[in-house]
Amino acid sequence: QDLLGKSGTPLIAVRNGVIVDGESTNGTYSGGRGNYIVIYSPQDHRSYVYMHMLKPSPLHKGERVKAGQFVGRMGCTGSCFGTHLHFEVRIGKATLRNDANTKPINPLPLLKTWPHLPKGAAVGLPK
């Protein structure tokens, strides 16, 4: 699902989880994803993938995150033609090297049911 927005729009974790993958635009495995990060939620056995971020995430593989925590900013890195977040939900623990072993699901129904955070509610948002 591609979500449009202004460059620099804060991105937050949609679930509690652990960072299982991520790269910068210049990373060996980044490819067209640009700056990206993957959060795995053991609670629902799903991975949440954020691609094309403005800069590499301040979070690193193995770090735990809480829902609502800042993970990066919307941008246009890798293969893209305008600022957006390419957001994926995959069943299983997804990393760039095992995407084929996870099943993508349509994130739109989830996005429509998740509550919107009030302005300023994100945790750890840098200034």
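**Exercise 1. Count the disulfides in this predicted model and describe what you find.**

Start with the rule: a disulfide is a pair of cysteine sulfur atoms within 2.5 Å. Apply that and the count comes to one. The partners are C76 and C80, with sulfur atoms 2.0 Å apart.

Next, look at the twist. The torsion about the S-S bond of C76 and C80 is about 130 degrees, so this disulfide is right-handed.

Last, check how covered each cysteine is. Buried means under 20% relative accessible area, exposed means over 50%, and partly exposed lies in between (1.4 Å probe, protein chains only). C76 has a relative accessible area of 33%, so C76 is partly exposed. C80 comes in at 13% and is therefore buried.

A quick note on the ground rules. Residues are numbered from 1 along each chain as its sequence is written, and side-chain values use heavy atoms, with hydrogens and water left out. As this is a predicted model, local features need pLDDT of at least 70 and side-chain atom pairs count only at pLDDT 80 or more, while totals for chains, interfaces and linings use all residues.

**Exercise 2. Work out the overall make-up of the chain and how confident the predictor is.**

Helices (H or I, at least four residues) and strands (E, at least two) are DSSP runs, numbered from the N terminus. The protein chain has one helix and nine strands. Walk from the N terminus and you meet β-β-β-β-β-β-β-β-β-α. Of the 127 residues in the chain, 42% are buried.

Now for pLDDT, the predictor's confidence in each residue, from 0 to 100. The chain's mean pLDDT is 85, and 83% of its residues reach 70 or more. Among the elements, helix α1 (residues 108–113) has the lowest mean, 81, and strand β6 (residues 64–65) the highest, 96. Where pLDDT is low, the predicted coordinates should not be read in detail.

**Exercise 3. Find the strands that pair with β8.**

First, place the strand: β8 covers residues 84–91, and seven of its eight residues are buried. Two strands pair if DSSP finds at least two bridges between them.

Then go through the partners:

- β1 (residues 2–4) runs antiparallel to β8, with three bridges; D2 has H86 as its bridge partner.
- β5 (residues 46–53) is also antiparallel to β8, joined by six bridges; here V49 is partnered by E88.
- β9 (residues 103–105) is joined to β8 by three bridges and again runs antiparallel; I91 stands opposite K103.

Finally, step off the strand. L96 sits in the loop between β8 and β9. With a relative accessible area of 24%, L96 is partly exposed. The C-alpha atoms of L96 and G22 are 8.4 Å apart, though 74 residues separate them along the chain.

**Exercise 4. Describe the lining of the second largest pocket.**

On a 1 Å grid over the protein atoms alone, a pocket is an open set of points where a 1.4 Å probe fits, with protein on both sides within 12 Å along at least five of seven lines; lining residues have an atom within 4 Å of a point. This one holds about 150 Å³ of space.

Its lining includes I19, D21, G22, Y36 and H60. β3 (17–23) and β4 (35–41) each supply at least two lining residues, and β3 gives the largest share, four. By type, the lining splits into five nonpolar, four polar and three charged residues. Here Ala, Val, Leu, Ile, Met, Phe, Trp, Tyr, Cys and Pro count as nonpolar, Asp, Glu, Lys and Arg as charged, and the others, Gly among them, as polar.

Methods
Grid points are joined across faces, edges and corners, and a volume is the space filled by probe spheres set on the points.
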